[in-house]
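Work through these exercises with the sequence and the 3D view side by side. Try each task before reading its solution.

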Amino acid sequence: MNQHAVTLILGETGSICVVVVKMYISLEFFKKRSHSPLQASLSILHFAAFSLCLCLPPSVQPSSSPLRISEGDDKYANVKWEELGFSLIPTDCMYVAKCRQGESFTEGKIVPYGDISISPCSPILNYGQGLLEGLKAYRTEDDRILIFRPHENALRMQDGAERLCMASPSVEFFVEAVKQTVIANKKWVPPPGKGALYIRPLLIGSGANLGVAPAPEYPFLIYASPVGDYHKVSFCVAAAVFELFCVPAKRLIRTEMVESCREAQV
């Protein structure tokens, strides 16, 4: 690895430096404990990828000045799109629906974004009976708004609800609710290349329920917030870490595979 790549790593945040040191120590550890170079290399690759993900902090710090500064124009809310991180910027509206245990979701509505009222005995607070999903809507260059695979999120929510003995919205109900939420907040979908509208569906167990049992009712909520990249890290740093740890490991794997093939031929 060249000196420039090392400088890139050391010049970034302290968390990057710490993970590089830990990965180097682990490199020596895996070499000693593994039965073969191939096993050691695979372990190093897995550890490198996992450690790099853990060391990159999400950009949740708010801006020094409010990102939401006025009502904006007819097309966009007046947001500092270039400064978006992954922190909440409340939009105008959210979606609300509710059904009783044993029934189905039949209707919901768009309401102004705001707090909700919930019983202290609600299973979501006492026993964690609740689910969340997360998906995004993007604005294209020709000014269309696209939602990324909402059907898959709907199916996953149904699967989780079945495990937790919860009533859940149908796929069609879920997708339509997501569409209504995006349309109601379309001014908050960032310009092309500036980020996305993050959509957070919630299914929670509510109602007074002291004992361990399914909730008597289930609110289904969807709110949204414009967001930027979750991890703000330069490509060069990721490339430098890959060059430091992954490239040597790949070479060891290749060498081990060649030796194995030669032994097999003999």
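The exercises below go from the whole chain to single residues and then to a pocket; the model is a predicted one.

**Exercise 1. The whole protein**

Task: State how many helices and strands the protein has, and what share of its residues is buried.

Solution:
- Start with secondary structure. The protein has seven helices and nine strands.
- Turn to burial. Of its 266 residues, 37% count as buried.
- Add the surface. The accessible area is about 15,600 Å², and carbon and sulfur atoms hold 58% of that.
- Finish with contacts. Take those between residues at least 6 apart in sequence: 69% of them join residues at least 24 apart.

**Exercise 2. Arg139**

Task: Place Arg139 in the fold, decide whether it is buried or exposed, and find the partners of its side chain.

Solution:
- Locate the residue. Arg139 sits in strand S6, which covers residues 135–139.
- Check burial. Its relative accessible area is 9%. Buried means under 20%, so Arg139 qualifies.
- Look for a side-chain partner. Arg139 and Asp143 make a polar contact of 3.0 Å through their side chains.
- Look for a backbone partner. A polar atom of the Arg139 side chain lies 2.7 Å from the backbone oxygen of Lys186.
- Widen the search beyond four places in sequence. Arg139 then contacts several residues, among them Lys75, Tyr76, Val189 and Pro190.

**Exercise 3. Two loop residues with positive phi**

Task: Give the phi value, the loop and the exposure class of Asp143, then do likewise for Cys165.

Solution:
- Begin with Asp143, the side-chain partner of Arg139. Its phi is near 70°, a positive value in a residue other than glycine.
- Place Asp143. It belongs to the loop between S6 and strand S7 (145–147).
- Classify Asp143. Its relative accessibility is 39%, so it counts as partly exposed.
- Move to Cys165. Its phi is near 60°, again positive in a residue other than glycine.
- Place Cys165. It lies in the loop between helix H5 (150–163) and H6.
- Classify Cys165. At 47% relative accessibility, it is partly exposed.

**Exercise 4. Asn185**

Task: Explain why Asn185 counts as buried, and list its polar partners.

Solution:
- Locate the residue. Asn185 is in the loop between helix H6 (171–184) and strand S8 (196–204).
- Read its accessibility. The value is 0%, so Asn185 counts as buried.
- Find the side-chain partner. A 3.1 Å polar contact links the side chains of Asn185 and Thr91.
- Find the backbone partner. The backbone nitrogen of Asp92 is 3.2 Å from a polar atom of the Asn185 side chain.
- Complete the list. Leaving out neighbours within four places in sequence, Asn185 contacts Thr91, Asp92, Cys93 and Leu197.

**Exercise 5. The second largest pocket**

Task: Describe the lining of the second largest pocket, and name the element that gives the most to it.

Solution:
- Note the volume. It is about 150 Å³.
- Sort the lining. Six residues are nonpolar, four are polar and two are charged.
- Assign elements. Strands S3 (93–100) and S9 (217–227) each supply at least two lining residues. S9 gives the most, with three.
- Pick out Lys98. It is one of the lining residues, and it is found in strand S3.
- Trace its contacts. Apart from residues up to four places away in sequence, Lys98 touches Phe105, Glu217, Tyr218 and Pro219. Glu217 and Pro219 also line the pocket.
- Take one distance. The C-alpha atoms of Lys98 and Ser168 are 9.9 Å apart, with these positions 70 residues apart along the chain.

Methods:
Residues are numbered from 1 along each chain as its sequence is written. This is a predicted model: local features need pLDDT of at least 70, side-chain atom pairs count only at pLDDT 80 or more; totals for chains, interfaces and linings use all residues. Side-chain values use heavy atoms; hydrogens and water are left out. Helices (H or I, at least four residues) and strands (E, at least two) are DSSP runs, numbered from the N terminus. Buried means under 20% relative accessible area, exposed over 50%, partly exposed in between (1.4 Å probe, protein chains only). A polar contact is a pair of N or O atoms within 3.5 Å; within protein, one must be able to donate a hydrogen and the other to accept it, and residues adjacent in sequence count only if both atoms are side-chain atoms. Contact means heavy atoms within 4.5 Å. On a 1 Å grid over the protein atoms alone, a cavity is a set of points where a 1.4 Å probe fits but cannot get out, and a pocket is an open set with protein on both sides within 12 Å along at least five of seven lines; lining residues have an atom within 4 Å of a point. Grid points are joined across faces, edges and corners, and a volume is the space filled by probe spheres set on the points. Ala, Val, Leu, Ile, Met, Phe, Trp, Tyr, Cys and Pro count as nonpolar, Asp, Glu, Lys and Arg as charged, and the others, Gly among them, as polar. Accessible areas come from the Shrake-Rupley method with a 1.4 Å probe; for residues, only the protein chains shown count as cover.
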